[in-house]
Amino acid sequence: MYLKRLLVLSLLSSFVFLIALFASNQDVEQKKFHTAQEHFAFSKKMGGPIGAGDYFLIAAHCKSCHGYDSLHYANIDSSGVDVNLYDDWQSTIMANSAKDPFWRAKVSHEILVNPGHTLELQDNCTSCHAPMGNYTSKYKGLAAHYTLGTMYGDSLGLDGVSCVSCHAVADSLSLGAVFSGRIPYDTNRTIYGPFTFPMAGPMQIATGYAPKYSAHLNASKACSPCHTLINKSVDLAGNYTGGLFVEQATYQEWLNSGYSQNGITCQKCHMPKAKGGVVIVNNNQSVPYRAPYNQHIFVGGNSLMVNLLKQNKNKLGIPIDDRYFDSTFTATNELLQKNTLDLVLTTDSIASDTAYFTVSLTNKAGHKFPSGYPSRRAVLQLVVKDAQQDTLFKSGIFHSDFRVSGENVNYEPHRDVIRQNNQTQIYELVMGDVNRQVTTVAERAAFLLKDNRLPPLGFTSSHLSYDTAKISSDALADADFNKVNAIEGSGSDKVHFHIPRAGISGYVSINAKLFYQTMPPKWLSEMLGYSSAELDSFKTMYTAADKTPVLIDSASILNVSLALNKKQVLANEVLIYPSITSGRINVNVHFPNSIQSIEVFNNEGKRILQQQFQDLTQTCYVDVNTSAGIYYLKIKTELGMVYKKVYKS
């Protein structure tokens with residue numbers, strides 16, 4: 001009996017121990033994530049999880065965990081800099097893609113030109129600029145087309161390209177192969193992220209989404225659905241022609257580059273990595289540090305629009321502090337001025353009537369520069385001034401309204417050589433309608449009239465994606481454009497300036513600059529000729545905006561003497577032809593009555609011919625009736641001696 005009681009007590013003790021151990025483990029497991037009270041607090045603070053039958057949540061739902069934390073143990077980098085996702089994102093063009101007044105005005109412009117396509121135009125454009133609203137409408141069968149009017153009253157649409165817009169994109173077979181706003185969303189409430197072993201419990205309770213690791217969030221193909229845009233062309237009556245036109249091909253340009261070949265993705269430049277590891281969730285110190293951590297600043301190249309959004313934030317419904325816009329503006333200009341392009345200016349030679357300079361440009365971006373929307377362009381400027389700062393030569397000068405002086409009414413051709421003040425090198429895409437006339441109406445684009453935008457390193461016309469990222473024939477014919485020794489892929493261009501000296505003999509300074517415009521007045525003039533609520537609103541904002549072009553890079557050569565010494569004069573003014581001859585060699589001197597004598601020497605230095613001129617002459621000839629080989633002419637003039645080499649065939 002005693003042994004029986006002892007056995008029972010032992011079993012009870014063991015049972016109690018196991019219960020305690022189990023409870024202890026449960027507590028440890030629970031604290032590894034969050035307590036029930038914390039879960040409840042998250043749910044209340046964030047507005048609760050996603051509702052039944054819904055697919056998307058606005059970014060504000062993510063802010064509590066991934067926004068600023070006053071305790072400052074989360075969302076900061078190793079140097080203590082606040083890198084929280086929400087604040088970095090909220091002032092970007094991505095966050096405000098649906099509120100972008102230029103985009104709204106351009107959609108309105110397209111509708112006014114082709115009113116028969118009103119619904120389709122809006123639906124196509126909102127699929128990228130307001131994807132969560134557009135796709136919710138499609139998934140729920142609310143309407144066949146998602147319009148601006150619907151978007152204006154839809155918090156999902158107005159949230160632009162926000163958290164779920166990107167993190168719900170699935171790694172399907174179509175990703176990287178289907179474009180123009182056709183986004184392969186996962187509709188099973190899965191949120192994809194770049195970190196392995198995500199802590200699923202808190203996010204599922206607070207938002208209703210199940211986080212899942214997937215490598216495609218760090219791949220360029222995650223950006224592809226909206227960064228290649230191919231439109232159906234229409235004629236001037238609005239009828240579809242059956243043709244297609246590539247309006248934007250940033251992803252395709254990247255594919256056809258050394259960046260793609262070397263695994264350098266879009267995220268590397270546009271979502272730069274923070275220093276060290278980052279705890280990406282507030283209110284939980286047990287969350288491990290995540291690295292590498294891509295900052296959600298989504299830096300682009302449109303600083304004009306960032307400032308325009310800031311200046312009109314109340315009217316556009318963007319209730320954020322100016323400091324966030326200032327941060328995005330600074331990051332944008334840093335990208336443009338440090339990571340976009342290198343410019344080098346060199347002196348080639350100086351002749352009696354012409355000074356020769358070359359500007360070399362090298363693209364450092366992983367796509368064409370400029371890339372994206374076809375309004376964007378880069379203008380090369382070169383100015384020569386004398387010691388008194390009087391302008392002797394100028395190309396690429398802006399008027400006060402930021403139009404380019406002397407620019408062609410239609411468009412400037414691609415230029416290899418610039419000789420006159422009214423000639424300018426402009427890097428741009430120019431669309432042509434069915435009659436090959438310049439148009440800025442996207443639907444009317446049918447022909448590529450010009451695309452001399454600087455291609456990225458490694459770009460070739462033989463790549464499979466070249467058909468969606470072509471170079472126009474004028475730039476292809478330029479031996480310096482994207483080529484070195486006739487081999488494609490340099491990602492560079494050389495523009496040669498032949499500047500008339502016109503008697504200039506003193507010291508001069510040469511300054512070369514490359515400027516970037518995202519919304520140039522010339523391009524906007526067609527659109528702003530129309531009127532609508534969106535167009536009139538944008539026109540007011542644009543008129544008041546600072547439209548100063550962004551200086552991308554510059555170079556100068558100071559105190560260059562254009563005075564020619566005797567040796568330079570002779571080298572440039574004494575001509576012989578042909579340089580390969582069967583016997584006769586013509587000699588010509590630009591200054592009159594100057595040739596006194598000519599001697600001919602073979603390759604061993606032996607003189608084989610001497611000819612004197614008692615009556616000084618400007619033009620003469622000598623006959624070399626000897627065996628084939630290299631010969632040297634010693635030409636004596638009033639100004640001195642000149643040596644020239646010829647080959648006798």
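This passage walks through a predicted model of a single protein chain, from its overall make-up to a few local details.

The secondary structure of the chain comes to 21 helices and 26 strands. Of the 649 residues in the chain, 50% are buried. The chain exposes about 30400 Å², and carbon and sulfur atoms supply 55% of that area. Contacts often span long stretches of sequence: among those between residues at least 6 apart, 66% join residues at least 24 apart.

A good place to begin is the pairing of two serines. Ser108 sits in helix 5 (residues 101-113), whereas Ser532 is placed in the loop between helix 19 (521-524) and helix 20 (533-544). Their side chains make a polar contact at 2.5 Å. Both serines fall under the 20% limit for burial: Ser108 is buried because its relative accessible area is 7%, and Ser532 also counts as buried, at 15%. Setting aside neighbours within four places in sequence, Ser532 is in contact with Ser108 and Leu112. Ser108, on the same terms, touches Ser532, Glu534 and Leu535.

Helix 5 turns up again in the surroundings of helix 15 (residues 303-311). The buried residues of helix 15 are Ser303, Leu304, Met305, Val306, Leu308 and Leu309. These residues pack against helix 5 and helix 20, and also against helix 16 (313-316), helix 17 (322-338) and strand 18 (550-561).

Turning to the strands, a small detour into general principle is helpful. In a regular strand the side chains alternate between the two faces of the sheet. Strand 24 (residues 619-623) shows this alternation: Cys620 and Val622 point to one face and are buried, while Thr619, Tyr621 and Asp623 point to the other and are not buried. Strand 24 runs antiparallel to strand 21 (residues 584-589), and 5 bridges join the two. Within this pairing, Val587 stands opposite Cys620.

Elsewhere, 3 strands form an open sheet in the order 12-11-13, with antiparallel pairing. Strand 12 (438-439) and strand 13 (447-451) are the edge strands, each pairing on one side only. Strand 11 (residues 429-432) is joined to strand 12 by 2 bridges, and Gly432 has Val438 as its bridge partner in strand 12.

On the surface, Ile580, Ile630, Tyr632 and Tyr647 form a nonpolar patch with about 360 Å² of accessible area together. Tyr632, one of these residues, lies in strand 25 (residues 629-637). With a relative accessible area of 32%, Tyr632 is partly exposed.

The backbone also has some features to look for in the model. Two cis peptide bonds lead into prolines: the bond from Phe369 to Pro370 has omega near -10°, and the bond from Tyr577 to Pro578 has omega near -5°. Pro370 is placed in the loop between strand 6 (354-363) and strand 7 (377-386). Pro578 is found in the loop between strand 19 (574-577) and strand 20 (580-581).

Positive phi values occur at Ser180, about 55°, and at Arg189, about 60°, although Ser180 is not a glycine and neither is Arg189. Ser180 is found in the loop between helix 10 (163-167) and strand 1 (190-193), and Arg189 lies in the loop between helix 10 and strand 1 too. As for accessibility, Ser180 counts as buried at 15%, whereas Arg189 counts as partly exposed at 25%.

Notes. Residues numbered from 1 in each chain as written. Predicted model: local features only at pLDDT ≥ 70, side-chain atom pairs only at ≥ 80, totals over all residues. Heavy atoms only, no water. Helix = DSSP H or I, 4+ residues; strand = E, 2+ residues; numbered from the N terminus. Buried < 20%, exposed > 50% of the residue type's maximum accessible area, 1.4 Å probe, protein only. Polar contact = N/O pair within 3.5 Å; in protein donor to acceptor, adjacent residues only side chain to side chain. Contact = heavy atoms within 4.5 Å. Patch = residues over 30% accessible without salt bridge, like charges linked within 9 Å, V, L, I, M, F, W, Y side chains within 5 Å. Areas by Shrake-Rupley, 256 points an atom, 1.4 Å probe, with all protein chains shown as cover. Salt bridge = Lys/Arg side-chain N within 4 Å of Asp/Glu carboxyl O. Pairing = 2+ DSSP bridges.
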